[in-house]
Amino acid sequence: MPEAPMTTAAVCAGAAIWLLSGPYSGARRAQLLLAGAAGSGPPSWQDLAGELRRVRGRWRPEWWAPVAGLALAVLGASVLPVVAGVAGVPLLRRLRRAREARRAGERRGDAVIALCAALAGEVRAGRQPGEALQRAARDSGGLGAAQATVLAAARFGGDVPRALAAAARRPGADGLLGLAACWRVAVDQGAGLAAGLDRLEGALRAERDQRADLRAQLAGARSTAVMLAGLPVLGLALGTALGADPLRVLLHTGAGWGCLLVGGVLEGLGMWWAMRIVRGAEEV
């Protein structure tokens with residue numbers, strides 16, 4: 001099998017790169033040698049556990065794609081799985097970042113709701129709107145990175161609604177637009193700020209609960225799509241268990257390459273279409 005030496009070389013190269021740039025790089029090895037020369041002895045279990053936690057913190061889920069490709073390359077004696085795994089890293093990274101951005105937006109929305117509740121309580125306690133906003137923002141963190149700008153506008157008589165509208169451009173902070181409207185009406189027309197904040201908080205909570213219920217109802221459809229996407233892997237496992245050697249057929253024959261190409265395109269289109277339907281339902 002001519003591909004076996006190439007696979008072994010790839011494994012050795014990856015191990016060498018990890019050792020040179022990983023937690024035991026030149027600086028780290030020098031630090032350990034100096035620590036040993038100072039009489040600290042060999043690394044303890046706590047040091048090893050700390051190194052493992054550090055490596056696990058730097059590890060990203062998308063790097064499992066080349067690992068799985070390397071395993072399939074060893075089993076199928078071909079470099080094609082390694083190439084496919086490396087090519088899938090950017091796509092998986094993009095999906096991970098999109099998921100993290102969505103979660104950050106949800107946390108930001110919860111912080112805005114907490115800000116409205118805290119601000120309403122401060123106003124009822126008899127504090128002026130500027131002082132109440134400073135206390136509420138410090139306790140809830142609902143303004144995020146724009147907190148300094150908004151608080152400066154509130155402290156020095158600036159345009160607080162405009163600052164809030166600028167802060168509302170971040171994903172998940174749309175509720176700050178309602179807070180800006182309540183602030184403008186309360187300051188310009190003398191309306192009750194606390195009452196408006198209570199209604200705004202109730203509306204934001206209801207909208208969040210509605211999104212959560214819809215996401216829970218769509219969890220079954222999302223799980224079904226993922227399960228259907230994994231059926232080809234199950235088919236390969238069954239073929240291997242029956243002694244058909246599907247990896248050899250897929251990775252070493254022209255017909256197998258054609259099946260891989262067509263199947264990969266259809267798999268990608270199916271997952272894209274299913275996730276698009278689910279996201280469309282969530283945005284309704």
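This is a short talk on some helices, salt bridges and surface residues of the structure shown above.

Before anything else, please keep in mind that what we are looking at is a predicted model, and that the values I quote are computed from its atoms.

Let me start with helix α5, which runs over residues 80-124 and so to speak sets the scene for several of the later points. The helix has 45 residues, and the distance from its first C-alpha to its last is 67 Å, which is close to the 66 Å expected at 1.5 Å a residue. That end-to-end figure should be read together with a local feature, namely a kink of about 35 degrees at Val89, which lies shortly before the proline Pro90.

The two ends of α5 also deserve a word. On the side before the helix, Ala77 sits in the loop between α4, residues 64-76, and α5, and its phi is near 55 degrees, a positive value in a residue other than glycine. Ala77 is also buried, because its relative accessible area is 8%, where the cut-off for buried is under 20%. On the other side, just after α5, we find Gly126, whose phi is likewise positive, at about 100 degrees.

There is another non-glycine residue to mention here, and that is Asp245, with a phi near 55 degrees, again positive. Asp245 belongs to the loop between α11, residues 231-241, and α12, residues 246-252. Is Asp245 buried or partly exposed? With a relative accessibility of 37%, Asp245 counts as partly exposed, since that value falls between the 20% and 50% limits.

Now to the charged side chains. How many salt bridges does the count come to? The count comes to 13 salt bridges, and I will go through a few of them.

Within α5, the side chains of Glu100 and Arg96 meet in a salt bridge, at 3.0 Å from N to O. Both residues lie in that helix, four residues apart, which is about one turn of the helix. The two partners can be set side by side in terms of accessibility: Arg96 is buried, because its relative accessible area is 9%, whereas Glu100 counts as partly exposed because its value is 40%. This pair is also part of a wider arrangement, in that Glu62, Arg93, Arg96 and Glu100 are linked in a network of salt bridges.

In helix α6, residues 129-140, Arg135 and Glu131 are four residues apart, about one turn of the helix, and their side chains form a salt bridge at 3.6 Å, N to O. Arg135 is partly exposed, with a relative accessibility of 31%, and Glu131 is partly exposed too, at 38%.

Helix α6 also holds Gln134, and there the accessibility is 18%, so Gln134 counts as buried under the 20% cut-off. The C-alpha atoms of Gln134 and Leu151 are separated by 6.1 Å, although these residues are 17 residues apart along the chain.

One further salt bridge joins Asp209 and Arg208, whose side chains meet at 3.9 Å, N to O; for anyone who cares about thresholds, the distance limit in use is 4 Å. Of these two, Asp209 is partly exposed with a relative accessible area of 41%, and Arg208 is partly exposed with 27%.

Finally, let me turn to the nonpolar side of the surface. Which residues make the nonpolar surface patch of about 850 Å²? The patch is made by Leu261, Val262, Val265, Leu266, Leu269, Trp272, Trp273 and Ile277. One of these, Val265, lies in helix α13, residues 254-283, and counts as partly exposed because its relative accessibility is 45%.

The two tryptophans of the patch bring us to the aromatic contacts, where the count comes to one aromatic pair. That pair is formed by Trp272 and Trp273, with 6.0 Å centre to centre and 50 degrees between the planes, and it is classed as tilted; an angle of 50 degrees gets that label because it is neither under 30 nor over 60 degrees. Trp272 counts as partly exposed, at 46% relative accessibility, and Trp273 counts as partly exposed as well, at 47%.

To close, the items I would ask you to look at on the screen are the kink at Val89 in α5, the network that links Glu62, Arg93, Arg96 and Glu100, and the nonpolar patch that includes Trp272 and Trp273.

Terms used: Residues numbered from 1 in each chain as written. Predicted model: local features only at pLDDT ≥ 70, side-chain atom pairs only at ≥ 80, totals over all residues. Heavy atoms only, no water. Phe/Tyr/Trp six-rings, centres within 6.5 Å; stacked < 30°, edge-to-face > 60°. Buried < 20%, exposed > 50% of the residue type's maximum accessible area, 1.4 Å probe, protein only. Expected span 1.5 Å × (residues − 1). Bend = angle between axes of the 7 residues up to and from the residue. Patch = residues over 30% accessible without salt bridge, like charges linked within 9 Å, V, L, I, M, F, W, Y side chains within 5 Å. Areas by Shrake-Rupley, 256 points an atom, 1.4 Å probe, with all protein chains shown as cover.
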